[in-house]
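Here are some exercises to work through with the structure open beside you. Try each task on your own before you read its solution.

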Amino acid sequence: MQTVHDIFEALGGTGAVAKVIGAKHSAASEMRRRQSIPVKYWPALIAKASEERVAIDSDVLVRVHVSAEEGRAA
């Protein structure tokens, strides 16, 4: 996992992520576009990833978000 896009794809796309985090599709789509998922949604994503045997944990989420932030700053 290198990007927020990768996380969305690994979990089944924007609609699947929206369902997992209990948000509207448009909100999840905006997160994907911004390359930023609010921390309050991370536990649900981690739980779903564990259930699906996808390698997403808090370390992955932090690394992906730091990378995205560095890319925006450059």
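## Exercise 1: A helix and its two faces

Helix α5 covers residues 58-73, which makes 16 residues, and from its first C-alpha to its last it reaches 22 Å, close to the 22 Å expected at 1.5 Å a residue. Keep in mind that you are looking at a predicted model.

**Task.** Find which residues of α5 are buried, and work out why they line one face of the helix.

**Solution.**

Step 1. Pick out the residues with under 20% relative accessible area, the cut-off for buried. In α5 these are Val 60, Leu 61, Val 64, His 65 and Ala 68.

Step 2. Look down the axis of α5: the buried residues fall within an arc of 125°, so they line one face of the helix. A general rule helps here: an α-helix has 3.6 residues a turn, so residues three or four places apart point the same way.

Step 3. Now turn to the face of α5 that points away from the buried side. Asp 59, Glu 70 and Ala 73 are the exposed residues carried there.

Step 4. Ask what covers the buried residues of α5. The cover includes α1 (4-10) and α4 (42-52).

Step 5. Finish at the start of α5, where a side-chain oxygen of Asp 57 comes to within 3.1 Å of the backbone nitrogen of Asp 59.

## Exercise 2: Arg 32 and its partners

**Task.** Is Arg 32 buried or exposed? Then find the side chains that make polar contacts with Arg 32.

**Solution.**

Step 1. Locate Arg 32 in helix α3 (residues 25-34).

Step 2. Check its accessibility. Arg 32 has a relative accessible area of 15%, and buried means under 20%, so Arg 32 is buried.

Step 3. Look for polar partners. The side chain of Arg 32 makes a polar contact of 2.9 Å with that of His 5. The side chain of Thr 14 also joins Arg 32, through a polar contact of 2.8 Å.

Step 4. Widen the view, leaving aside neighbours within four places in sequence. Arg 32 is then in contact with Val 4, His 5, Phe 8, Glu 9, Gly 13 and Thr 14.

Step 5. Repeat the check for the partner Thr 14, which sits in helix α2. Its relative accessibility is 12%, so Thr 14 counts as buried. Not counting residues up to four places away in sequence, Thr 14 touches Phe 8, His 25, Ala 28, Ser 29 and Arg 32.

Step 6. Place Arg 32 within its helix. The buried residues of α3 are Ala 28, Met 31 and Arg 32. Seen down the axis of α3, they fall within an arc of 100°, so they line one face. These buried residues pack against α1 and α2, while Ser 26 and Arg 33 are exposed on the other side of α3.

## Exercise 3: Into the core

**Task.** Which residues have the most contacts inside the largest nonpolar core?

**Solution.**

Step 1. The largest nonpolar core has 19 residues, and those with the most contacts inside it are Ile 7, Phe 8, Leu 11, Ile 37 and Ile 56.

Step 2. See where the core comes from: α1, α2 (14-21), α3, α4 and α5 are the elements that give it two or more residues. As a general pattern, in soluble globular proteins nonpolar side chains tend to be buried together.

Step 3. Follow Ile 7 outwards, leaving aside its neighbours within four places in sequence. Ile 7 is in contact with Met 1, Ile 37, Ile 56, Leu 61 and Val 64.

Step 4. One of these partners, Met 1, is found in the segment before α1. At 29% relative accessibility, Met 1 counts as partly exposed.

## Exercise 4: Positive phi in the loops

**Task.** Where are Gln 35 and Arg 53 found, and how accessible is each?

**Solution.**

Step 1. Gln 35 lies in the loop between α3 and α4. Its phi is positive, about 60°, although Gln 35 is not a glycine. At 22% relative accessibility, Gln 35 counts as partly exposed.

Step 2. Arg 53 lies in the loop between α4 and α5. Its phi is near 60°, again a positive value in a residue other than glycine. Arg 53 is exposed, with a relative accessible area of 76%.

## Exercise 5: How confident is the prediction?

**Task.** Which element has the lowest mean pLDDT, and which the highest?

**Solution.**

Step 1. Begin with the whole protein: its mean pLDDT is 94, and 99% of its residues reach 70 or more.

Step 2. Then compare the elements. The lowest mean pLDDT belongs to α5 (88) and the highest to α2 (98).

Technical notes. Residues are numbered from 1 along each chain as its sequence is written. This is a predicted model: local features need pLDDT of at least 70, side-chain atom pairs count only at pLDDT 80 or more; totals for chains, interfaces and linings use all residues. Side-chain values use heavy atoms; hydrogens and water are left out. Helices (H or I, at least four residues) and strands (E, at least two) are DSSP runs, numbered from the N terminus. The expected span of a helix is 1.5 Å times one less than its number of residues. Buried means under 20% relative accessible area, exposed over 50%, partly exposed in between (1.4 Å probe, protein chains only). The arc is that of the directions from the helix axis to the C-beta atoms. Contact means heavy atoms within 4.5 Å. A polar contact is a pair of N or O atoms within 3.5 Å; within protein, one must be able to donate a hydrogen and the other to accept it, and residues adjacent in sequence count only if both atoms are side-chain atoms. A nonpolar core is a set of buried Ala, Val, Leu, Ile, Met, Phe, Trp, Tyr and Cys residues joined through side-chain atoms within 4.5 Å. pLDDT is the predictor's confidence in each residue, from 0 to 100.
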